[in-house]
Amino acid sequence: MGTAIEDAGGHVDKFIGDGVMALFGIEADIETAARQSFTAMHNMAANLGELNQLLSSDLVEPLRIGIGVHAGTVIVGEMGYKHAVSLTAIGDAANTASRLEALTKELGGQAVISQKVVDYSGFDLTVSAVHEVSIRGRREPMRVHAIEDATQLNVMSAATAAP
């Protein structure tokens with residue numbers, strides 16, 4: 001997953017259990033960062049497919065992935081204590097992305113992407129399932145796109161990219 005994120009232009013923030021937090025836009029504008037996140041989601045899903053094939057004889061059922069993506073202002077900096085210091089982000093956008101990841105199970109897909117990220121990317125995802133969801137800590141419902149198979153993101157985005 002780290003390779004998929006870094007190859008797309010993202011920064012691996014941290015691994016939390018079996019989860020990973022990635023940052024995009026540290027060295028790019030928000031539109032580029034949004035497009036990079038689409039590439040990373042596609043690559044992560046493709047890499048997971050390859051891993052599931054390699055481990056198919058050892059797994060009772062395939063490994064699954066849930067990805068939540070949101071964009072917004074965060075505080076980015078080195079945080080931690082002594083030897084456990086790393087670059088990270090805190091703020092509403094990071095919290096919201098985490099909550100969107102949790103919605104992947106409920107909405108039945110590999111990725112849940114906020115409309116804000118879709119808008120910044122310039123991609124038209126009208127072929128995806130769109131939902132209005134309540135997010136803890138937010139007053140207004142949020143429009144999100146649930147992507148069943150994130151390997152299809154490159155096809156969706158390339159075919160429908162805004163000029």
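This report walks through the sheet, helices, cores and a few individual residues of a predicted model.

## The four-stranded sheet

Let's start with the open sheet, which has four strands in the order β3-β6-β8-β7, and its pairing is mixed. β3 and β7 (129-133) sit at the edges, each pairing on one side only. From one strand to the next, the twist averages 25°.

Look at β3 and β6 and you'll find three bridges, with the two strands paired in the parallel sense. One spot to click on is Val69, whose bridge partner in β6 is Ile113. Helix α2 lies across β3 and β6, and its direction is at about 180° to β3.

## The hairpin near the start

Further toward the beginning of the chain, strand β1 (residues 11-16) runs antiparallel to strand β2 (residues 19-23), and five bridges join them. Lys14 has Met21 as its bridge partner in β2. The hairpin leaves two residues between the strands, and Gly17 takes a positive phi there, near 60°.

## The main nonpolar core

In soluble globular proteins, nonpolar side chains tend to be buried together. Here, the largest nonpolar core has 22 residues, and Phe38, Met41, Ile67, Ile113, Val117, Leu125 and Leu153 are the ones with the most contacts inside it. The elements giving two or more residues to this core are α1 (2-7), α2 (30-54), β3 (67-69), β6 (111-114) and α4 (115-121). Helix α2 provides the largest share, six residues.

Leu153 is a good residue to zoom in on. Leaving aside residues up to four places away in sequence, Leu153 touches Phe38, Met41, His42, Ile113, Leu125 and Ile147. Apart from the main core lies another one, of seven residues, including Leu100, Val112, Ile135 and Val144.

## An aromatic pair

How many aromatic pairs does the structure hold? There is one. It's made by Phe38 and Phe123: the ring centres are 5.0 Å apart and the planes are at 80°, so the pair counts as edge-to-face.

Phe38 belongs to helix α2, while Phe123 is in the loop between α4 and β7, so the pair ties together parts that are 85 residues apart in sequence. Are these two residues buried or exposed? Both Phe38 and Phe123 are buried.

## Helix α3

Helix α3 (residues 92-107) has 16 residues and reaches 22 Å from first C-alpha to last, close to the 22 Å expected at 1.5 Å a residue. Right after α3 comes Gly108, with a positive phi near 70°.

The buried residues of α3 are Ala93, Thr96, Ala97, Leu100, Leu103 and Thr104. An α-helix has 3.6 residues a turn, so residues three or four places apart point the same way. What covers the buried residues of α3 includes β3, β6, β7 and β8 (142-147). Leu100 turns up again in the seven-residue core.

## An unusual backbone angle

One last residue to check is Lys82, found in the loop between β4 (75-79) and β5 (86-90). Lys82 has a positive phi of about 50° although it is not a glycine. Its relative accessible area is 61%, so Lys82 is exposed.

Definitions and conventions. Residues are numbered from 1 along each chain as its sequence is written. Side-chain values use heavy atoms; hydrogens and water are left out. A nonpolar core is a set of buried Ala, Val, Leu, Ile, Met, Phe, Trp, Tyr and Cys residues joined through side-chain atoms within 4.5 Å. Buried means under 20% relative accessible area, exposed over 50%, partly exposed in between (1.4 Å probe, protein chains only). Contact means heavy atoms within 4.5 Å. Two strands pair if DSSP finds at least two bridges between them. Axes are lines fitted to C-alpha atoms, for helices over the stretch in contact, and angles run from 0 to 180 degrees between N-to-C directions. The expected span of a helix is 1.5 Å times one less than its number of residues. Rings of Phe, Tyr and Trp (its six-membered ring) pair if their centres lie within 6.5 Å; planes under 30 degrees apart count as stacked, over 60 as edge-to-face and the rest as tilted.
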